[in-house]
Amino acid sequence: MLPEPESDSSNLDQNDYWHWTVYGYEVEVSQVLQLFSWLMFFGLLCLLYFRQNVLQYWHRMKQRKEEEIYAKKYDAGTAHARQVSMEMARRRMQEKQEAAAEVWRVKQKEREEQARALRLEKADKAQQKPLRSNEYNPLIGTTAGPSCRITPSSRGRGG
């Protein structure tokens with residue numbers, strides 16, 4: 001529990017809302033209303049008047065701004081200029097794409113020509129050098145010895 005603040009006899013009761021202390025002076029609410037009631041009334045009227053006029057001005061300004069944006073967006077001349085600029089941009093992009101495709105085609109053709117030349121070169125080498133010597137004939141057999149010779153199996157023995 002928090003300790004209760006010490007109350008001086010000079011301080012007014014905290015629950016008394018009808019008495020205020022302003023800059024050391026004790027003031028009642030009724031005195032403030034009597035002294036400043038006309039001032040508060042005229043201040044409230046001025047506030048309402050200015051609020052209404054400022055809101056009207058604000059709404060008109062906002063509506064004008066929206067109309068300007070709409071006019072710029074859907075104006076025939078502006079729309080045509082925007083469409084022409086978009087077509088030019090698309091044409092430039094298409095030209096860049098076609099140029100890149102042409103470069104790719106040239107490189108691809110060079111790669112194909114190199115691959116073809118390599119195949120021809122390999123084919124020429126294969127024609128010049130036979131895979132085996134002319135003296136070899138698989139039907140005759142070899143003279144390397146009995147390990148290379150095919151011999152028929154004997155029928156009498158199980159295998």
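In which helix is the place of Met40? The place of Met40 is in helix 1. The numbered points below concern a predicted model, and they begin with the chain as a whole.

1. Overall make-up. The chain contains two helices and two strands. Read from the N terminus, the order of these elements is β-β-α-α. Of the 159 residues in the chain, 2% are buried. The accessible surface of the chain is about 16600 Å², and carbon and sulfur atoms account for 58% of that surface.

2. The strand pair. Strand 1 covers residues 19-22 and strand 2 covers residues 25-28; the two pair in the antiparallel sense, over four bridges. Two of the residue pairings may be named here. His19 stands opposite Glu28 of strand 2, and Trp20 has Val27 as its bridge partner in strand 2.

3. The turn of the hairpin. Strand 1 and strand 2 form a hairpin, with two residues between them. Tyr23 lies in this turn and has a positive phi of about 50°.

4. Met40 and its contacts. Met40, in helix 1, has a relative accessibility of 43% and therefore counts as partly exposed. When residues up to four places away in sequence are left out of account, Met40 touches Val32 and Leu33. Leu33 is likewise found in helix 1, which spans residues 29-74.

5. A nonpolar surface patch. Met40 and Leu33 also belong to a nonpolar patch on the surface, together with Leu35, Phe36 and Leu39. The accessible area of these residues together is about 540 Å². Why can Leu33 be called partly exposed? The relative accessible area of Leu33 is 46%, and the class of partly exposed residues lies between the cut-offs of under 20% for buried and over 50% for exposed. The value for Leu33 also meets the patch requirement of over 30% relative accessible area.

6. Aromatic pairs. The count of aromatic pairs comes to four. Among them is the pair of Trp38 and Phe41, which is edge-to-face, with 6.2 Å from centre to centre and 90° between the planes. Both Trp38 and Phe41 lie in helix 1, where they are three residues apart, about one turn of the helix. How do the two residues stand in terms of exposure? Trp38 has a relative accessible area of 61% and is therefore exposed, whereas Phe41, at 43% relative accessibility, counts as partly exposed. Ring pairs also bring in Phe42, so that Trp38, Phe41 and Phe42 are linked into a cluster.

7. The salt bridge. How many salt bridges does the count come to? The count comes to one salt bridge. In a salt bridge, the side chains of Arg105 and Glu102 meet at 2.8 Å, N to O. Arg105 and Glu102 are separated by about one helical turn, because they are three residues apart in helix 2, which spans residues 76-128. Arg105 is partly exposed, with a relative accessible area of 47%. Glu102 is partly exposed as well, with a relative accessible area of 42%.

8. Points to inspect in the structure. In the strands, the reader may begin with the pairing of Trp20 and Val27 and with Tyr23 in the turn of the hairpin. In helix 1, the residues to view include Met40 and the aromatic pair of Trp38 and Phe41. In helix 2, the residues to view include Arg105 and Glu102.

Conventions:
Residues numbered from 1 in each chain as written. Predicted model: local features only at pLDDT ≥ 70, side-chain atom pairs only at ≥ 80, totals over all residues. Heavy atoms only, no water. Patch = residues over 30% accessible without salt bridge, like charges linked within 9 Å, V, L, I, M, F, W, Y side chains within 5 Å. Areas by Shrake-Rupley, 256 points an atom, 1.4 Å probe, with all protein chains shown as cover. Salt bridge = Lys/Arg side-chain N within 4 Å of Asp/Glu carboxyl O. Buried < 20%, exposed > 50% of the residue type's maximum accessible area, 1.4 Å probe, protein only. Phe/Tyr/Trp six-rings, centres within 6.5 Å; stacked < 30°, edge-to-face > 60°. Contact = heavy atoms within 4.5 Å. Pairing = 2+ DSSP bridges.
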